[in-house]
Amino acid sequence: STAASASATALELAIRRWGAAQLRILARWLGGRALALPLVFEAEDLRSLRAIFRGVAGHVPAERRLAGLIPTPTLPERALQALAAAPTSGAASALLSVWRHPWAGAIAAAGSVGEVDLFALETALAQASAATAVERAARSGDGVLRALVRDAIDVENALTALVLSIGEKDVEVDRPFLPGGRRLSLVAFREAILAGGPQPAGRRLARAFDGTPVALLFSLHADDPATLEVELRDHCVGDLARRSHRAPLGPVTLLWFTCRLRTQMLELQRIVWAVAL
């Protein structure tokens with residue numbers, strides 16, 4: 001059992017390094033143009049920091065905090081390992097400040113002494129990420145990229161509303177809302193949170209996405225977050241594939257590649273751990 005777990009950990013590390021190598025090649029090829037693709041590297045950094053801070057808060061073993069993460073030029077493998085090994089959220093936050101990561105200020109604002117408020121931290125990270133994405137998409141001058149950024153913000157807000165619809169409402173419901181979307185308004189966001197549970201929240205969110213495949217996903221899988229995440233990811237891959245076929249020389253093709261890369265990595269890691277366990 002121990003040998004199988006060690007082997008699975010080694011295989012997962014190899015998968016993570018392979019994914020990082022693909023992104024390094026992409027970053028070198030893009031050069032300065034990488035700034036115009038906020039849905040690639042910044043999105044991976046956001047996933048990584050969320051996973052690591054959640055792992056620290058939940059006292060998850062350091063090696064498991066790295067599961068599914070892809071190193072990027074701004075958070076390479078050694079940086080992720082150092083963050084995952086941090087004993088407290090405050091220590092991880094201090095590392096980002098020392099490295100002058102672009103979002104270190106957002107994390108510090110959430111409280112960087114001792115244990116940070118996880119909800120405040122995730123809200124600050126999401127807001128910093130969304131603001132960066134909106135700004136860079138606007139500077140790119142690409143209408144399709146701007147629309148994709150706005151769609152991504154809508155989905156992020158919808159998922160947040162779904163989580164907050166469960167249990168007591170001990171937070172300001174407007175606080176985690178990310179501006180910049182185009183379908184899910186602040187009013188609809190608030191109504192979904194106060195709907196009385198994931199299923200009625202899912203129905204309210206579906207109305208906001210009326211006329212899109214996303215509406216059906218929130219309607220059917222609101223009470224099953226794992227399935228909803230997989231379905232949303234599959235929808236993203238399919239949507240980007242169709243868009244890239246129509247404009248193969250545009251930035252959407254790169255987004256399609258990175259989305260497929262993440263999906264492949266997650267599937268490989270799932271297979272590795274399923275066999276090990």
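How many disulfides does the structure hold? The count is zero, and the pair formed by cysteine 236 and cysteine 259 is a good place to see how that comes about. Please keep in mind that this is a predicted model. Besides the cysteines, this briefing looks at how helix α9 packs against α8 and α10, and at a serine in the loop between α8 and α9.

**The cysteines**

- Cysteine 236 is in no disulfide, and its nearest cysteine sulfur, at 3.3 Å, belongs to cysteine 259.
- The view from cysteine 259 matches: the nearest cysteine sulfur is that of cysteine 236, 3.3 Å away, and cysteine 259 is likewise in no disulfide.
- A disulfide is counted when two cysteine sulfur atoms lie within 2.5 Å, so the 3.3 Å between cysteine 236 and cysteine 259 does not qualify.
- Cysteine 236 is partly exposed, with a relative accessible area of 30%, whereas cysteine 259 is buried at 13%.

**Helix α8 against helix α9**

- Helix α8 covers residues 143–164 and helix α9 covers 186–193.
- Their axes come within 8 Å of each other and cross at roughly 25°.
- Because angles under 35 degrees count as roughly parallel, α8 is roughly parallel to α9.
- The crossing of these two helices, α8 and α9, is right-handed.
- On the α8 side, Asn157, Thr160, Ala161 and Leu164 make the contact, and on the α9 side the partners are Phe189, Ala192 and Ile193.
- Sorted by type, the residues of this α8 and α9 contact are five nonpolar and two polar, with no charged ones.

**Helix α9 against helix α10**

- Helix α10 spans residues 198–208, and its axis comes within 8 Å of that of α9, with a crossing angle of roughly 165°.
- An angle over 145 degrees counts as roughly antiparallel, which is why α9 is described that way relative to α10.
- The crossing of α9 and α10 is right-handed.
- Ala188, Glu191 and Ala192 of α9 meet Ala201, Arg204 and Leu205 of α10.
- This α9 and α10 contact has four nonpolar residues, two charged and no polar.

**Serine 165 in the loop**

- Serine 165 sits in the loop between α8 and α9.
- With a relative accessible area of 2%, serine 165 is buried, because the cut-off for that label is under 20%.
- Leaving aside neighbours within four places in sequence, serine 165 is in contact with Ala192, Ile193, Gly196, Gly197, Pro198 and Ala201.
- Among these partners, Ala192 also takes part in the contact of α8 with α9, and Ala201 in that of α9 with α10.

Notes. Residues numbered from 1 in each chain as written. Predicted model: local features only at pLDDT ≥ 70, side-chain atom pairs only at ≥ 80, totals over all residues. Heavy atoms only, no water. Helix = DSSP H or I, 4+ residues; strand = E, 2+ residues; numbered from the N terminus. Buried < 20%, exposed > 50% of the residue type's maximum accessible area, 1.4 Å probe, protein only. Contact = heavy atoms within 4.5 Å. Axes fitted to C-alpha atoms, helices over the stretch in contact; angles between N-to-C directions. Parallel < 35°, antiparallel > 145°, perpendicular 65-115°, else oblique. Left-handed = near helix turned anticlockwise from the far one by under 90°. Nonpolar A, V, L, I, M, F, W, Y, C, P; charged D, E, K, R; others polar.
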